Amino acid sequence: MIRPMGSDFFVVKYNRYLGGNMSHYNHDEIEKRWQKRWEENETFRMEENSQKEKFYGLVEFPYPSGVGLHVGHVRAYTSLEVIARKRRMEGYNVLFPIGWDAFGLPTENYAIQTGRHPRQVTDENIAVFTEQLKRIGYAFDWDKEIDTTDPNYYKWTQWIFLQLFKHGLAFRDRSYVNFCNGCKVVLANEDFRDGHCDRCGSEVVQLEKDVWFLKIRNYAEKLLAGLDDVDYLPRIRLEQENWIGKSVGAEVDFNIAGQNQTLRVFTTRPDTLFGATFMVIAPEHPLIENLSDLITNMEAIISYQEAAKRKTEFERVQLAKEKTGVCIDGIRAINPLTLEEIPIFIADYVMMGYGTGAIMAVPGHDGRDWEFAQKFSLPIIEVIKGGDVTKEAYTNTDSGQMVNSGFLNGLQVKEAIAKTIEHLEKEGLGQKTINYKMKDWAFNRQRYWGEPIPIVHCPVCGMVPVPEEDLPLELPKVESYEPTDTGESPLANIPEWYETTCPQCGHAAKRETDTMPQWAGSSWYFLRYFDNKNDQAFASKEKLKYWLPVDWYNGGMEHVTRHLLYSRFWHQFLYDIGCVPTKEPYAKRTAQGLILGNDGEKMSKSKGNVVNPNDIIDEYGADTLRTYIMFIGDYEKSAPWSDNGAKGCRRFMDRVWKLQDMMVSDDAYSPNLETAIHKTIKKVSSDYEEMKFNTAIAALMTLINDFYKESQITRGDFKTFLQLLYPVAPHISSEIWVEIGADGHLDNADWPSYDESKTVDNVIQMAVQINGKVRGTIEIPVDTDQQTAKSIAMEQSNICSHVEGKKIVKEIFIPGKIFNIVVK
RNA sequence: GCGGAUGUGGCGGAAUUGGCAGACGCGCUAGACUUAGGAUCUAGUAUCAACCGAUGUGGGGGUUCGACUCCCUUCAUCCGCACCA
């Protein structure tokens, strides 16, 4: 774009056209000054030993990456910032802390590339983030800052790990793991999808390794039950429930014909047992090896197993359009109810990792089994009435009547399930079982930049915990952060570090060289903020008792399964061993929607649609940035960024600023504005609480439009407006508060209250409908009765003409709302 | 496949939970102040008809004096889980 004039010229002109003797709204100068004041006065520091009621607002602490703060962070933090500032005004002792989730791969990778220490890189990134957050003017208590990579912090991460270990919830197992070829690390099931690493996109392959697991499955039931005691958004709760994936069913033993061996399956539908016409086991199932002597087609089976192992999970699940499998010749199973011999197959549509790794196939009532039966010409038996099993599996079987099922015939599905389980248990053939889809948490990484796992491997004593008084077990200085090709951590290259003696017997021993995953440090960080300098415990009992639970936790939807479940798991464990006073860590959890680029696409460097908060602050100021991000749309939904939208919010700020020109020094409300002000207090108060920030700001804009229509306002009007605006735009409102001579500072002001009776207009516009269609409006006092309203309405020719010559059948008069006349 | 959500102007989005659809903002149009406008102010802005009026919240049907809102049905988009037995 070509500018006809130089920008200096423009600025001069711009100032010249500002009316009155008022100064120009200089966001930069104002915001710096107030931020300095807040920092110097420690305005937002939580109170120790306070008698006040507490409010603990938590936002997900950021990973201090090299690219700096994202507008997504701003959306996530500003929402609870508004709540936290409002709570302060309401008289709460507020804790609104921030910290750094600073261990992790990107920093380590950057350190590898540049040959610098991850510590140095982390510190630099934290400095950049800190400066950016302060420029936005957040009311964080910086005194309570934490950093997961600080030994004084990860000492306690290690300590909690040791408690888990001592209670049998951390164990090591040789297992097939998902290994990322790019990052050279073992990934948790949660860290990749479609066979590709979440972080680097490289292929993920199966590898057998020693792996640390945390037994989160032991807490599956508690994690589910705890959801009843907390206030999470419904969709968050749902995702957690899906992730845990509880299913109730039965385990059933099938005898192998002629052998003293059984094959155990898990099924959610024991009622369909009479319809089980074959069995399928996972390719890795141990039965193959156990009975290899009897199997007559081992070659075919081994080649199928090999093929399955080569397939990535993605191929196995996504690309498998057609069922494959091999019949195991030489062995057969016996259906425990029909006593018929049925064949056993191996097929990769059955997973070793769920249930028992074996299923009874009921082709009549399961789509996958039906498909398989078709392909291998296996018998299909209908056991629930209602479909046509020769054409497709009848799966709509939550209810229905049992057929071809011996003693179950005629029963409804629910009764049949109960009766089958009863029968199985009586006969010793199986029992009721509950299964969870959630897997145990793979807890080690072969990386440098993580918490060392405080375990010593002793040839005599086995795995021995590092004594608690020796914590923190600090990361050693390292020359090279390159992971080894075998997937060993860089720590495995430092004998001076890993060579040690057994704390128990003194024998020469070796330290664990793996480190913890990034999820570790964030699984308990909310317990540390309010006592972040404590070196006797992760936090004192008194402070835990006062501050827990977190009253309100806000963050992204991407963290509501893994991070939220992991941290709830740790917290519940700490509760069980008496270390925290509440069962659940978070009383309330909400989540913000994404901010998309101008083009409606997700922001990404490669698309070039990333908005840098710094640029917005430079041009319009932090208050405009905050206001626009809160105004951008429905808080829970994603919304595209709009430069013009941001500009509109700057116009709003300018209009707020210029209000000073039309103010008179009277502390009462203007009579013409009183109702509007009371209404706005009510609406903004409730909208903030419900995270309807967009409509709260709209209400403030409406009020300011009302102000301008009056062309004169009182200081009382203005003060209330500033109080309401303060949580969203604290700098400009604080500045004007002082400028107009209001008492003290807005930081110490109360939240305004409203009078319910003054939120209602005395005179209202009521719509008058004829047969449900609006034909006019009447202006009447709010308490006008029906007769009076009718006679006023009939004075209007338009209403009158619609009634004329017709018979009034019915009149609906809802006081204060509507008047509908039904004619024929 | 299963589960969940959402469909409203040119755009982001409102609608007291069954009571005047389109608040508020953006954009756009016209005017004012102007050497200039990308500042500011004023007026207008769902669609068709342009006088009364008619239509309109993805489509179709229903309940009701009255439906964006409730019920049935259908289509589309997005998200989550995913051969989970």
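**Contacts, cores and sheets in the predicted chain A**

In chain A, 70% of the contacts with a separation of 6 or more are between residues 24 or more positions apart; a contact here means two C-beta atoms, placed from the backbone, within 7 Å. Bear in mind that this is a predicted model, where local features need pLDDT of at least 70 and side-chain atom pairs count only at pLDDT 80 or more, while totals for chains, interfaces and linings use all residues. Residues are numbered from 1 along each chain as its sequence is written, and chains are lettered from A and ligands numbered from 1 in the order in which they are written.

On confidence (pLDDT is the predictor's own score for each residue, from 0 to 100), chain A averages 90, with 95% of its residues at 70 or more. Residues 1-21 are another story: pLDDT stays under 50 there, and the model gives this stretch five contacts beyond four places in sequence. The model scores are ipTM 0.95 and pTM 0.92.

As for overall layout, the C-alpha trace spans about 100 × 85 × 60 Å along its principal axes. Chain A carries 25 helices and 32 strands, taken as DSSP runs numbered from the N terminus (H or I, at least four residues, for helices; E, at least two, for strands). The domain assignment, automatic or from a database, lists domain 1 (246-436), domain 2 (643-758) and domain 3 (761-823). Over C-alpha atoms, the centres of domain 1 and domain 2 sit 67 Å apart.

Of the 824 residues, 41% count as buried, meaning that 20 or more other C-beta atoms lie within 10 Å of the residue's own, C-beta atoms being placed from the backbone; 12 or fewer makes a residue exposed, and anything in between partly exposed. Nonpolar cores are sets of buried Ala, Val, Leu, Ile, Met, Phe, Trp, Tyr and Cys residues joined through C-beta atoms within 7 Å. The largest has 150 residues, and Leu-625, Phe-693 and Leu-725 touch the most other members. Helix H3 (residues 71-89) supplies the largest share of this core, eight residues. Leaving out residues up to four places away in sequence, Phe-693 touches Ser-79, Val-82, Met-630, Phe-631, Tyr-635, Asp-687 and Tyr-688. A second, separate core of 46 residues includes Val-252, Ile-331, Ile-359 and Met-360.

Val-252 also turns up in strand pairing, with Val-265 in E12 as its bridge partner. Strands E11 and E12 (residues 262-267) run antiparallel and are joined by six bridges; pairing requires that DSSP finds at least two. Their hairpin has five residues between the strands, and Gly-258 takes a positive phi near 75° in it.

Helix H8 (residues 234-244) has Ile-236, Gln-240 and Ile-244 buried. Down the axis of H8 these buried residues fall within an arc of 70°, so they line one face of the helix; the arc is that of the directions from the helix axis to the C-beta atoms. Pro-234, Arg-235 and Asn-242, on the other side, are exposed. The buried residues pack against several elements, including helix H7 (220-225), strand E11 (246-256) and helix H16 (562-576). Right after H8 comes Gly-245, with a positive phi near 60°.

Another packing partner of H8, strand E10 (231-232), belongs to an open sheet of five strands with parallel pairing, ordered E2-E1-E23-E24-E10. E2 (93-95) and E10 are the edge strands with a single partner each, so one side of each has no neighbour in the sheet. E1 (residues 54-59) pairs with E2 over three bridges, and Lys-54 stands opposite Asn-93 in E2.
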